[in-house]
Amino acid sequence: MTVEELTVGLIGAGRIGRLHAHHLTTRIPRARLLVVADASAVAAEACARDYCVPRFCSDYREVLADPQIAAVLICSPTSTHAQLIEEAAHAGKHIFCEKPLALDLAAIDRALAAVAQAGVKLQTGFNRRFDTNFRRVRQAVEQGEIGLPLMLHITSRDPAPPPVAYLQVSGGLFLDMTIHDFDMARFLLGSEVEEVFALAHSLNEPEIASAGDVAHAAVMLRFTSGAIATISNSRRASYGYDQRVELFGSEGSIAIDNAYPNTAIVSDRRGVRRDLPLYFFMERYAESFAAELQAFVQAVLDDRPVPVSGFDGRVPVAIALAAQRSLHEHRPVSLREVA
Ligand SMILES: NC(=O)c1ccc[n+]([C@@H]2O[C@H](COP(=O)([O-])OP(=O)(O)OC[C@H]3O[C@@H](n4cnc5c(N)ncnc54)[C@H](O)[C@@H]3O)[C@@H](O)[C@H]2O)c1
């Protein structure tokens with residue numbers, strides 16, 4: 001018998017949890033969000049109220065113990081993910097977990113083992129893979145449109161840093177932010193990273209420096225295919241969310257530009273200009289967030305493999321750890337050293 005509807009519990013109703021609640025309740029007919037859990041009852045209640053979810057609670061264990069719930073979305077802070085994956089797997093729930101899966105590989109391995117043992121599905125929240133622009137670049141690689149991929153350039157800059165309280169538990173720039181770009185580089189090139197070299201600083205960002213983090217980074221990756229990737233990150237781009245990619249191959253190149261709220265160009269005596277790009281991830285990647293949840297719900301209901309696996313969640317963490325070591329030891333670091 002085909003199951004028609006996936007019953008879902010949301011754990012963590014902050015920035016990303018609320019976005020997923022919105023998509024689950026408005027854009028994914030085959031999903032039914034039944035309960036919202038947040039350590040802050042106020043946040044849980046507000047989310048349940050705003051998205052017409054029947055129940056809320058402040059203890060995620062209530063969600064895991066609920067036999068009505070078939071799947072959970074883990075959207076709490078990164079430091080809680082691995083433990084929650086383990087507990088959800090033991091409770092027999094299918095799991096969608098936000099990136100990164102955890103801040104260290106041992107915790108991820110324990111979580112992945114629990115998932116395998118329970119036979120549940122785990123999808124990692126690398127939403128950018130579902131963005132139509134990035135998919136088009138991947139398609140060009142798969143179809144040989146630009147020949148052999150040689151050099152990938154990713155520009156990935158945020159308009160403004162998150163609050164210091166978030167930074168302090170985020171794992172730092174490489175594990176929190178560059179993690180998307182590490183995943184994207186693997187996804188686009190279809191190859192694995194062999195070596196990482198990272199430079200970074202926190203110029204002009206005393207708050208980020210005082211949180212022990214870096215604000216701007218340049219990372220180089222060498223892949224097993226021989227291809228090279230560069231990543232340019234910043235926590236603060238004065239002109240807004242800057243998300244561009246160019247992939248240069250033996251037979252051509254493919255590039256994607258920023259997304260804009262409109263296509264208007266203003267020309268006058270002072271120059272030619274346009275409005276700023278869409279402000280941040282909620283706007284720029286809205287469609288991809290809906291598409292990743294749609295894919296998760298379909299994979300569970302139709303019992304097919306999830307499109308972004310636990311392994312896909314683990315590898316970028318290893319790359320991020322290699323980048324951290326490279327930064328601290330001022331040298332290229334082989335992935336074998338950390339993985
Ligand atoms: N895919 C993306 O582009 C993307 C974007 C933003 C955040 N994220 C990830 O999502 C996660 C959450 O980020 P955020 O920006 O929404 O953070 P946030 O701080 O806005 O929200 C986190 C929420 O979790 C709650 N919480 C804390 N501990 C909890 C627990 N044990 N059980 C239940 N709830 C708990 C907090 O009260 C808070 O409401 C992070 O891991 C982050 O890396 C991913």
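Select strand 11 (242-249) and strand 12 (252-256) to begin. These two strands pair in the antiparallel sense over 5 bridges, and a hairpin of 2 residues joins strand 11 to strand 12. For one pair to display, pick Phe248, whose bridge partner in strand 12 is Ser253. What you are viewing is a predicted model.

**The mixed sheet**

Extend the selection to the whole sheet that holds this hairpin. It is an open sheet of 7 strands in the order 12-11-7-10-9-8-15, and its pairing is mixed. Which strands stand at the edges? They are strand 12 and strand 15 (333-334); each has a single partner strand, so one side of each is left without a neighbour in the sheet.

Next, colour strand 8 (residues 193-201) and strand 9 (residues 216-223), which run antiparallel and are joined by 8 bridges. His201 is a useful marker here, as it stands opposite His216 in strand 9.

**Helices against the mixed sheet**

Now add helix 6 (residues 132-142). This helix packs on the sheet and touches strand 7 (149-157), strand 11 and strand 12; its direction makes about 170° with that of strand 12.

Then show helix 12 (residues 310-329), which lies across strand 8, strand 9 and strand 15. Helix 12 runs at about 50° to strand 8.

Keep helix 6 on screen and select helix 8 (residues 173-189). The two helices pack at an angle of about 35°, and their axes are 8 Å apart. Turn on side chains for Phe134, Val137, Arg138 and Val141 in helix 6; they meet Met184, Phe187, Leu188 and Leu189 in helix 8. By class, this contact has 7 nonpolar, no polar and 1 charged residues.

**The parallel sheet**

Move to the other sheet of this tour. Its 6 strands form an open sheet in the order 3-2-1-4-5-6, with parallel pairing. Strand 3 (55-57) and strand 6 (122-125) are at the edges; each has a single partner strand, so one side of each is left without a neighbour in the sheet. Direction ignored, neighbouring strands are turned by 25° against each other on average.

Inside this sheet, select strand 1 (residues 6-11) and strand 2 (residues 31-37), which run parallel and are joined by 6 bridges. Leu6 stands opposite Ala31 in strand 2. Helix 4 (residues 81-90) packs on this sheet, touching strand 1, strand 4 (71-74), strand 5 (94-98) and strand 6. The direction of helix 4 makes about 170° with that of strand 5.

**Two backbone details**

Go to the loop between strand 5 and helix 5 (105-118), where Pro100 is placed. A cis peptide bond joins Lys99 and Pro100, with omega at about -20°.

Then go to Cys52, in the loop between helix 2 (41-50) and strand 3. What is the sign of phi at Cys52? Phi is near 55°, a positive value in a residue other than glycine.

**The ligand**

Select the ligand and the 25 residues around it; among them, Gly12, Gly14, Arg15, Ala39 and Glu98 come nearest. Which helix gives the most to this shell? It is helix 1 (residues 15-26), with 3 residues. By class, the shell has 11 nonpolar, 9 polar and 5 charged residues.

Why does the ligand lie between domain 1 (6-120) and domain 2 (129-284 + 317-338)? Both domains give residues to the shell around it, so that is where it lies.

**Domains and the whole chain**

Colour the chain by its domain assignment, which gives domain 1 (6-120) and domain 2 (129-284 + 317-338). The centres of domain 1 and domain 2, taken over C-alpha atoms, are separated by 27 Å. To show the contact, select the 11 residues from domain 1 and the 9 residues from domain 2 that make it. On the side of domain 1 that touches domain 2, the classes are 8 nonpolar, 2 polar and 1 charged residues.

Finally, zoom out to the full chain, which has 13 helices and 15 strands. Its radius of gyration is 20 Å, close to the 20 Å that the globule rule gives for 339 residues, so the chain is as compact as a globular protein of that length. Along the principal axes, the C-alpha atoms fill a box of roughly 60 × 55 × 45 Å.

Key: Residues are numbered from 1 along each chain as its sequence is written. This is a predicted model: local features need pLDDT of at least 70, side-chain atom pairs count only at pLDDT 80 or more; totals for chains, interfaces and linings use all residues. A residue is near a molecule or strand if its C-beta atom, placed from the backbone, lies within 6 Å of it. Helices (H or I, at least four residues) and strands (E, at least two) are DSSP runs, numbered from the N terminus. Ala, Val, Leu, Ile, Met, Phe, Trp, Tyr, Cys and Pro count as nonpolar, Asp, Glu, Lys and Arg as charged, and the others, Gly among them, as polar. Domain bounds come from an automatic or database domain assignment. Two residues are in contact if their C-beta atoms, placed from the backbone, lie within 7 Å. Two strands pair if DSSP finds at least two bridges between them. Axes are lines fitted to C-alpha atoms, for helices over the stretch in contact, and angles run from 0 to 180 degrees between N-to-C directions. The radius of gyration is taken over C-alpha atoms; the globule rule is 2.2 Å times the number of residues to the power 0.38.
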